[in-house]
Every structure is written in structure tokens, then in C-alpha cells.
Amino acid sequence: MATPIGAVPAPGALDLDGLDLDPAHERELLAVDPDEWHSELERAEQYFATLGDRLPTELLDELDGVAKRLAD
């Protein structure tokens, strides 16, 4: 299932046999919360800043792409 952060399994796509997992909990585990991800992006940016010139530009590009997709 496509999300702003990339593909995640659709509800029912994982083999959860043997687990006592309510379908509502499965949906919650697979959900993408934009507010939580905005916080995560801030933490990633802070970490990336510590890497300086060693950080590949592709990682910054991906971070920017996720931020833009979350904003949409």
C-alpha cells in the first residue's frame, strides 16, 4: 500500500497466524500518522546535520521528498 513514507503492507497482507492480534490493532500498527512523521523528520534532520559533508545528497533528497509528500 502506497503511503507518503513509502510502501507498507496492506491490512491483511501479513501472515499473522498464531498471533492474538485484533484487526483494529493491525490497522493501527500499519497506519502512517503525518504528525508523528513530521517529528521524525526533524530528528532525522538533526542527525544528518552531525554528518556534515559525509552525508550523501541522496539522503537529503529523500528526506525532502518525504516531507513534501506528507505536506500534500
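The following exchange concerns side-chain contacts in a predicted model.

Trainee: How many salt bridges does the structure hold, and which residues form them?
Mentor: One salt bridge joins Glu-40 to Arg-43, where the closest N and O atoms are 2.7 Å apart. Another is made by the side chains of Glu-62 and Arg-69, with an N to O distance of 3.3 Å. The structure therefore holds, with a cut-off of 4 Å, a count of two salt bridges.

Trainee: In which helix do Glu-40 and Arg-43 both lie?
Mentor: These partners of the 2.7 Å salt bridge are three residues apart, which is about one turn of the helix. The element that holds both Glu-40 and Arg-43 spans residues 34-51 and is helix α2.

Trainee: Is Glu-62 buried, partly exposed or exposed?
Mentor: A residue is partly exposed between the limits of 20% and 50% relative accessible area. Arg-69, its salt-bridge partner, has 36% relative accessibility and falls in that class. Because Glu-62 has a relative accessibility of 45%, its class is partly exposed.

Trainee: What kind of aromatic pair do Tyr-47 and Phe-48 form?
Mentor: A pair of aromatic rings is described by the distance of the centres and the angle of the planes. For Tyr-47 and Phe-48 the centres are 6.4 Å apart and the planes stand at 50°. Since an angle under 30 degrees would count as stacked and one over 60 as edge-to-face, the pair is tilted.

Trainee: Is Phe-48 buried or exposed?
Mentor: Its ring partner Tyr-47 has 51% relative accessibility and counts as exposed. The limit for a buried residue is under 20%, so Phe-48, at 15% relative accessibility, is buried.

Technical notes
Residues are numbered from 1 along each chain as its sequence is written. This is a predicted model: local features need pLDDT of at least 70, side-chain atom pairs count only at pLDDT 80 or more; totals for chains, interfaces and linings use all residues. Side-chain values use heavy atoms; hydrogens and water are left out. Rings of Phe, Tyr and Trp (its six-membered ring) pair if their centres lie within 6.5 Å; planes under 30 degrees apart count as stacked, over 60 as edge-to-face and the rest as tilted. Buried means under 20% relative accessible area, exposed over 50%, partly exposed in between (1.4 Å probe, protein chains only). Helices (H or I, at least four residues) and strands (E, at least two) are DSSP runs, numbered from the N terminus.
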